[in-house]
Amino acid sequence: MNTFAAAVGRSLLVVQPRMGMDSPEVMRAGLLAVKNADAPTVGTITVDSYTRVGDHEAARAALRSGVGLNGYPIVTHDAATTRAVLDGVADADFPVQVRHGSADPRAVFRALTAAGLDATEGGPVSYCLPYSRRPLRDSVAHWSEACEEFDGHLETFGGCMMGQLCPPGLLVALSLLEAVFFRHHGVRSVSLSYTQQTNADQDAEAITALRALAARFLPDVDWHVVLYAYMGVFPGTPTGARLLMADAARLAVRAGARRIIVKTVAEAHRIPTVAENVAALEDAARAGVPWTGPPVVDTGVLAEATRLVEAVLELSDDPGAALLDAFRRGLLDVPFCLHPDNAGAARSHVDAHGWLRWSTVGAMPVEAPRRTTEPLGSTGLLTALNRVAQSYDSAVATLG
Amino acid sequence: MNIVLSSTASDSHTWNLVYLHLLLEEAGHRVVNLGACVPPDLLARSCVDAPPDLVVLSTVNGHGHHDGPRSLAAVRAERVLDHVPVVIGGKLGTTGHEPERADALRAAGFTDVFDDAGAVSRFTAFLSSLGSLRLAGSAS
């Protein structure tokens, strides 16, 4: 088994940071601190934004002039340098994953393989639609090529796309479809992501649905589910941030996610320090205890995600071609996503109980809302985007 | 008014664009939203065929001081666009509101700059005054 997947399999909940520094020495020190945290951790190397978009010349210039990058430029540092960063740090007990965000991941995949690493993440849809102008067709071609040459562990980002106002049936379907795409291109160890959104019961149902679909569509693949702590506006108070993070850890264990990507008390304000990351990892590990609350209730997320997945996979035996066709027809349509290849006819809102609901479904094969709701206006959108932060910060104010 | 709404070349954020799109539509304007990471030449090309009444650049990644003038230069390089008002707003630098740099953007030719605490209400007021100027212009 892949070392990354094996390490995740050994704990109830493995905790993982986002972390990337441009200096090899500082990156190594950060990884060591994570390794030595009092928690079952795996390591992360997050690449910088120039490397992410393939502008390696700009990354090189920034290193030369000492401007400072917002991550580790894994393509620009040579393989020997990265091996030295990892030497005596990365091993079977502490595997390291590279996180990058590229619609064209080929250079990053080659660099991490040359450095002896074998775990990374992304996806042809999830690293194209939200962040890039690159045509989806190009991203699918680049990801196909990168996956064909890759022999390691690959995590989908599809369960996190615009994930703060996306009804979970669609996120679950996208995450599953990217895993099916990876499998089609020969990857045999995957994780399926999902992000914490606005309601814990709805999120627990979504993760449970994702696991059911993975069991059905990935029979010959080693897989687990990874949860990302809330990706939207984070509470501004340290206590609010800790409460939200602890709820994420509880959600992960409750619903059977085996790994969690944490956020820190600094999230609303700046890039966290290594110490803040270590504290967040240790807090999450402590909060992730076996669940004793009510069982997960099925309100229809699995049925909705299944309809979407089946409608897409019917289009072609090649999952990449099926994804392209599905977006062209609007069978997949991510609300509030402005990419030219996204139909943009679907809209969502948060209901009075904090559940994410469809306002309009466009051409997607999901049940249209029974009652029409007023579409979100500018004020309603701001309220929805700030809802989670506000509720945790005001809980803190009530606690006094 | 017909308004072109756009990000800058290096900025992949989009919630700001989604928000402004709704805000402009609610004020009765027609919006073409170009989305994230718009290179200067694409912005100019998107405006040439049907010159808009206003171009709005919104950016929050901290590179606005650098990227904004490049987008503006591409728009101004087109003769049919040399009188179209172009404004910029958002989080333009990495250290919060910087009045000198906002002044530098005005000096570079931006019609106005919206990066302070009251940016949204000032922007709304700017839209109303621009709209009434246009009405007055078309009546004369």
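Start by selecting α7 and α13 of chain A in this predicted model, where the two helices cross in a right-handed sense. Helix α7 covers residues 136-148, and its axis lies 10 Å from that of α13(A), at an angle of about 165 degrees. That angle is over 145 degrees, so α7(A) is roughly antiparallel to α13(A). To see the contact itself, show the side chains of A:L136, A:R137, A:V140 and A:S144 on α7(A), together with A:G320, A:L323, A:L324 and A:F327 on α13(A). Coloured by residue class, the residues of this contact divide into 5 nonpolar, 2 polar and 1 charged.

Stay with α13(A), which spans residues 319-329, and follow the chain into the loop that leads from this helix to β9 (347-350), where A:F336 is found. The phi of A:F336 is near 70 degrees, a positive value in a residue that is not glycine. Most residues other than glycine have a negative phi. Is A:F336 buried or exposed? A:F336 has 23 C-beta neighbours inside 10 Å and therefore counts as buried.

Next, select helix α2 (residues 24-35) and helix α5 (residues 79-86), both of chain A, whose axes are 8 Å apart and which pack at an angle of about 30 degrees. Because angles under 35 degrees count as roughly parallel, α2(A) and α5(A) are roughly parallel to each other. The crossing in which α2(A) passes α5(A) is right-handed. On the α2(A) side, display A:P24, A:M27 and A:R28, and on the α5(A) side A:T81, A:A84 and A:V85, since these are the residues that meet. The contact of α2(A) with α5(A) is made up of 4 nonpolar residues, 1 polar and 1 charged.

Keep A:A84 selected and add A:L244, which lies 160 residues away along the chain; a distance drawn between the two C-alpha atoms comes to 36 Å. Centre the view on A:L244, a residue of helix α10 (residues 238-255) of chain A. With 22 other C-beta atoms within 10 Å, A:L244 is buried. Which residues does A:L244 contact, apart from its neighbours within four places in sequence? The contacts of A:L244 are with A:Y230, A:P235, A:V388 and A:Y392.

For a stop among the strands of chain A, select strand β4 (residues 119-122) and β5(A), which run parallel and are joined by 4 bridges. A:A119 stands opposite A:H153 in β5(A). Looking along β5(A), which covers residues 153-156, one finds A:H153 and A:E155 pointing one way and A:L154 and A:T156 the other way, and all of these residues are buried.

Before leaving chain A, turn to its side that touches chain B, where 11 residues of chain A are in contact with 13 residues of chain B. On the chain A side, the contacting residues divide into 6 nonpolar, 4 polar and 1 charged.

Now move to chain B and colour its open sheet of 5 strands, which follow the order β2-β1-β3-β4-β5 and pair in parallel. β2 (30-33) and β5 (112-114) of chain B stand at the edges, and each has a single partner strand, so that one side of each is left without a neighbour in the sheet. Viewed across the sheet, the twist averages 20 degrees from one strand to the next.

Within the sheet, select strand β1 (residues 2-6) of chain B, which is mostly covered, with 4 of its 5 residues buried. This strand, β1(B), runs parallel to β2(B) and is joined to it by 4 bridges, and B:I3 stands opposite B:V31 in β2(B). Then select strand β3 (residues 54-59) and strand β4 (residues 86-90) of chain B, which pair in the parallel sense over 5 bridges. Here B:V56 has B:V87 in β4(B) as its bridge partner.

The last stop is B:C37, in the loop of chain B between β2 and α2 (40-48). What is the phi of B:C37? B:C37 is not a glycine, yet its phi is positive, at about 50 degrees. Since a residue is buried if 20 or more other C-beta atoms lie within 10 Å of its own, B:C37, with 20 C-beta neighbours inside 10 Å, counts as buried.

Definitions and conventions
Residues numbered from 1 in each chain as written. Chains lettered and ligands numbered in written order. Predicted model: local features only at pLDDT ≥ 70, side-chain atom pairs only at ≥ 80, totals over all residues. Contact = placed C-beta atoms within 7 Å. Nonpolar A, V, L, I, M, F, W, Y, C, P; charged D, E, K, R; others polar. Axes fitted to C-alpha atoms, helices over the stretch in contact; angles between N-to-C directions. Parallel < 35°, antiparallel > 145°, perpendicular 65-115°, else oblique. Left-handed = near helix turned anticlockwise from the far one by under 90°. Pairing = 2+ DSSP bridges. Buried ≥ 20, exposed ≤ 12 C-beta atoms within 10 Å, placed from the backbone.
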